[in-house]
Structure formats: C-alpha cells, structure tokens
Amino acid sequence: MGNAGDKNPDRSRAVTPAAAKQDLSGIGIAFTSPMLAALLSRIFNWSRSGIGPRLLAAVLLFSSIVTLTLTALQLYLDYDREVGVIETRLEEVGRSTTGSLGESLWNLDQNQLKLQLDGILRLPSMRAAEVREIADRPNPIRVAVGEQSSRSVVTRDYPLTYAVQGTARAIGVLHVEATLSDVYQQLLNRALVILASQAAKTFLVSLFIIYMVHILVTRHLVAIAEFVSKYSLARPPPPLHLERRPPHDPDELDKVIDAFNAMCANLGRAYGELREANANLERDLKIRRRAEEDARASEQRFRDYAETASDWFWETGPDHVFTYISDRAGAFGMDREALIGKRRPDAAFDHDAEAQKWHDHMATLDRHEPFRMFEYRGRDRAGRLHYFSVNGQPVFAEDGRFMGYRGSATDLTSQHETEERLRQSQKMDAIGQLTGGVAHDFNNVLTVITGTIEIIQEGLAEKPELAAIAQLIDDAASRGAEITSQLLTFARRQPLEPREIDVNGLVLETAKLLRPILGEHVEIVTRLADDAWLAMADPSQLSSAIVNLAVNARDAMPDGGRLTLETANRELDSTGNGDGDAGSYVMVAVADTGHGIPADIRDRVFEPFFTTKGVGRGTGLGLSMVYGFAKQTGGTVAIESEEGRGTVMRLFLPRSAGEAAARTGPVAAPAPARGRETILVVEDDPLVQGYVIAQLGSLGYRTLTASDGASALALVDQGVSFDLLFTDIIMPGGMNGRELAEAVRLRRPRVRVLYTSGYTDNTIVHEGHLDPGVALLQKPYRKTDLSQKIREMLAGEGPL
C-alpha cells in the first residue's frame, strides 16, 4: 500500500484482475454468439465457390483483424488514461485532507470527520472513505462513509499525524476507494461504436472490391475457360476476343489473349505438318515392307547360324553324317577330318551307357525337328574326355525336301569341372555345418560323461570289478572325444593354437608313442633334417595327424613292413606338390612299404567317411582330419603312391619366422589346482552347468550361475562380485559368449574371461586360429584341465 509520503504513487495502484476481466469480457460476448458462428460457417462455405468470394472473405478477415487490433489498442490507451486520472485525484485527496482530518481526529470530533469524508465521497469516481484511530484505549474512533467493495476499485491508505510539542505523532489512517465501473462502461460503449462503424465500412469496401474484380478479371477468365474447353484442332474456331471496352494501353488480359491466340495458330500449323508427315510415313512403310520381304529369304540362310552360334559350326546331310566342321573345332583338340563322314553317335563316348538319351535324340533328327543344348561326352584326338553341347536347325529346300542340319557345338568341359568342384565344396561345407552342430551337443554330453566318470573312478578305487567297468566308460568317452575332434578338424572348425615348434623334436616324441601302437612287426625309421626350420602349427594337432597317418600305414602293411618318418625344408611354387600357396614349408613325410592306394580311389581318400577298411575297423575320418588340419594351418597334403610299392603322405607346414625353439620333454600332468575365488558360470546346458558347478565346488571355488547372456548381464548389473567369467560360446537368446564378454567388459573393463565350447562357429576362431587375447577351454575337458586353466586365468597368466 502507498501513503502520502510516497514519491511514486503508481506503486499503490490496486486493480482487481478478476473484476477487470469480467467487466471487459462483455466486449467479446457479442462476437461469440451462436448466431455469429452460424454466419461465419455460411460465409466460409460460400467463399470456397470461386475467386471473388475467396477474395471477399480474405479482405473481411484481414480488415476484421486490423480493426480488432486497433480497437483493442485504443481501448487500452483510454483505460490507462482514465485510471491515471483517478489515481491523480486520489493523490490530491491525500495531500489536501490529511492535515485537517488529523486535527479533527486529535480533537475526537467525529462529526467534523464525517463532514470531511462526505466531501471526499462527492468527488468523481469516489466510492468509499474511512478514518481509523490508532490508540491503545478501548473502542478507538472509526468513521466510514460510502460502500466498500473488493471488485474494480483503486485504494489508497494515508497516515494521519498530529504535532505534539514539535514532534509528529501517527494517530490514525485515512482509507480511500475509487471505482472503475464507470470507466469500463465508457470503454464498452466506445468499443461498440468503433466496431459497428468499422464493420460497415469494411463490408462496403469489400463488396466494391469483389465487384471490380468480377468486372475486370473473373468474368473474362470464365470466357477463356469456355473457349479452351470447346477448342478443336480439326475445326479451329475464330480467334478469341473478350467482350469489354478496350483500355487505353493493353493490359495483362490482352497479353494473355494474344499469347493464347498465337499458341492456337502454332498448334494449327503443327497439326497440318503432322498430317503431312503421317502421309509420308505411310508411303515409306509400304516401300520398307516390300524391301523386308525381299530381304527375308536372304536373312533366313543366316538366321540358323545366328540362333545356334557358339564355338564351332557343323553341317550334316539327310543321313545325319557330318559333311562340314569348322576349323574352330581344332582349338579344342578335335580331329575334324576324322569326324567328317561319321554320325555323331559314332564319335560319342556315352552312346552305350545312355542308350535311351541317344535313341530319343535320333528320333528328333528323324522327325526333322530343331534341337538345342543336347549334351554328350566324347574324346579328343589325345583320348581326353570332353563334354559337348550341340544346337541344330533342320534345313529344307524350296520344294520342301529335307537337306540335313546346320548347327553349332560348345565345349563344356571346363564348366563341368568347375561345377563338380563347386558341388564338392558345397558338400564339404554342408558336412562341416552338420559336423559343427553335432559336435556342439556331443561335446556337451562328453564333458559331463568324462567329468562324472572321474568322480566315479575315485569312489571305486577299492572295487576293481566296478573300476574296470568305469575305465571302459572312460575309454569310450575318450574315443568319442577323439572322433568329435577329428570331425571338427576335417571341417576346419577345430580351434588351433599354433606356435613355433621344433618339428624334429615333436616327430621323435611322437615316434615313441607309435611303437606300442604299431606293434613289433612294423619297423620305425626316422630321417630328420639337421637344419629343419621351425614350423608354425598346433603341436597336439600335428602329433595327432602323424599318428593317424602312421595307423593308416600300419593297416596297409598287415604282414609287417617299414614306416619312415622324415622331415625336410621345402620351397614350393604355384606348381609344386599339393594345392598350397607358394612359399617356404617344413615337410613331414610318413612313408610305408604297404600295398599302396589304387589309382581309381586316390582322389577320394580325403573324403569324410570314405574307407577301404572292413566294417568296424575305422571311421573314415583319419585322412580327412589330416587334410583339414593341414589346410587350416595354412599348408597342404600331397600323396605319392604306387600299388604294390607303398605310399608316401607329405605334410607341408608353413615355416615360422623364428630362429630357434626350445626342446621340451614331456611334462607330467599336474594335480588339480584349488582356489577360493568366485566364478560366474554361464552355461545353457543344465547337465554341463551342474557338472561345472560340482567340479568347481570340489576345487574350493564359489560359483554364480546363469543360463544365458541376459541372465548373466542382469547379475552383473545387480553389482555381484566375481573374479572370472567362465562362459560357453554357443548359447540361446540371441547373445553368444563373445558378445556377453564384450558387454560385461563395458561394465567391468578389467574382468578376466575364459571361454569354453565344443564348437566355436567362427565366434572366437578365424582362419583356424584363436583370436588374439582369447582363452579357450575346449570341450570335453577333465577336472585337471579345468583346474589348470582356471588357475592360469586367475593368476594373470592368460589374456584379459
């Protein structure tokens, strides 16, 4: 609240917003009635019927907006001025009456106070006035005139003082109220007058504008549209002229009419030229048709060649005997001179083997029908087998007599060889995919079997009869693991851990293992190169490959013989032994003096499950494993065999860049290592998960378990503590072990990860090698393998 001593009287202005808004809202009520809404809707629908109504609507809308804006601005200025007058009057009351009122109040003269307050109330816009005494005594003086209100008022409070012994004392308060109702009523009346006058003016101006637009523009546009809709190029009407008084200078409509008439004239001329061009074209077509009929007979002689053209041409007579073969046939090794005078079946290699095919083909020739892509086999002048595809077209004389055939022949030998290699590759890939799927599930089962049998064997130490049965189960599980490993090696899906190895040392160690395997009737001889290079290969897989080759050699020498193990350095070029890349290799050869490999099966010995041994004497995977290991390592295998003289199998392993390798002897299997750390085990197979938890628990470790990647991440996000993530690679749920490890490392960058799998599916193995920084425990594994690998990782020896 302000007072008489305030320098800024605006600070004490008090206008009730709700009241002001309510009084001013009467201005808008007149424009929001249902009748006005219906009128606006009708105007909107009418405005969509043409340019004129839309123009009128636009002018009205714009004028209304401008009028309302200017009216609102004027009303605001008037309101501000009127309120300012009232505030000035209130300030004048405070200056002129507080002294006399203070003296009357000091004298306790209530009648004088009331007279003075009535004088204030008689001023314009004053609504109420009141004097209140400030005193500590009971029933202080309070004199009020008028009716106080809380709506649409401006109030002021002024202190009343009286000088006692030269000191001013506050003895009361003057409260004054001024009403704004008259101001609002004046503003409303003024707004109605302004809006009514502006609306009438705007409507009249808009009608005048639309009338002028119709007279000057729209009616002429309608005339132009009617002329265009009825215009015909075949019978053009007279030029368009508008029915109006021409202006002093040509305006825009005159220019449009001139341009349109010029366009119609151009269209008429173009139509005439088009009719003339059509007449000339018809004459040209008649001449061309006669020329085509004359050329058709000549083109027919060449069409047969064009339709059957390939590598070389041939012709036969009515008896289907060759009368002509082009020189191009010689480029494919064919003796064209020897073929002329013969029929095609006489030169075919498969005539007797596919008699029905040839019978049908000869029937087609006898019916004088064209044929395409008839394929058969034949030999060239050197006796090599070729595949041919021939196309033929019958030839008739003018009198309809059959004259023979003309056609072409294509050598498909290279295509057939390529398709055969592709089929073989697809077959191998399909077997590899099947192998991986089987190996994954089978290795899970073998992991549980091998681990469980160890526990059973420990409990049967004092029962030899049951221990022997447990040993049989253990041997069978080991044999299953070996077969699974061979399948994966053949499919090139066995994760290798290549490193620099001394091939001579490994061959000597493997030879010691071979003596009890091969028996006393097989002599083992070693010929090792003193300067043999270091090789880059997986030593355990290389040892297994040598054992497989040695066992095959033993089976080829049932009556005994000599097995020779040889090493040497070899530089191979692109035409060297095998199908490997050119480069430096370390050769490991396994030679026997057995019965050799027959020539007709020599190309099949590396096929999976192919074996010449009797039923129950082999899986047919030994040589397939050797081949897969060599190719996965980056080398190759070469066979040299002669029936009755023996076989030499040569493994070519890529040379290592190292200078020397330490020779290490056999290391005794360590005892299972124990620990107390916590391991997060992620395994989807319940049997394997239970086995791992039991084994880790027996080794002293604490375990947390999850069946898929999402469950494991949920544990990590919950903040559980663990020292090692031990995860399977192939898991359901859309997240494999590698992806799980990467997600965990985003949350815990220093966590150590140990993978396990029976089949990696290129997740952590690429080109046969484990990815850098990856630790893998291959399934199936035993308790000692598990404990040793766990300790390596926890001790910081394995990769992060």
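**Close-up 1. The contacts of V503 in the predicted model.** Leaving aside residues up to four places away in sequence, V503 touches A535, T567, V586 and V588. This view, like the others here, comes from a predicted model. V503 belongs to helix 12, which covers residues 503-518. Is V503 buried or exposed? V503 counts as buried because its relative accessibility is 0%, and the cut-off for buried is under 20%.

**Close-up 2. V503 and A532, compared in sequence and in space.** Here you can look at the pair through their C-alpha atoms. Along the sequence, 29 residues separate V503 from A532, while their C-alpha atoms lie 7.5 Å apart in space.

**Close-up 3. Strand 16 and its surroundings.** Strand 16 spans residues 646-654, and eight of its nine residues are buried, so the rest of the structure largely encloses this strand.

**Close-up 4. Strand 14 alongside strand 16.** Strand 14 takes in residues 583-592 and runs antiparallel to strand 16, with eight bridges joining the two. For a place to start looking, try A591: its bridge partner in strand 16 is V648.

**Close-up 5. Strand 15, strand 16 and the turn between them.** Strand 15, made up of residues 636-642, is also antiparallel to strand 16, and seven bridges join them. One pairing to pick out is V637, which stands opposite L651 in strand 16. How many residues lie between the two strands of this hairpin? Three residues lie between strand 15 and strand 16, and in the turn G644 has a positive phi of about 85 degrees.

Key:
Residues are numbered from 1 along each chain as its sequence is written. This is a predicted model: local features need pLDDT of at least 70, side-chain atom pairs count only at pLDDT 80 or more; totals for chains, interfaces and linings use all residues. Side-chain values use heavy atoms; hydrogens and water are left out. Helices (H or I, at least four residues) and strands (E, at least two) are DSSP runs, numbered from the N terminus. Buried means under 20% relative accessible area, exposed over 50%, partly exposed in between (1.4 Å probe, protein chains only). Contact means heavy atoms within 4.5 Å. Two strands pair if DSSP finds at least two bridges between them.
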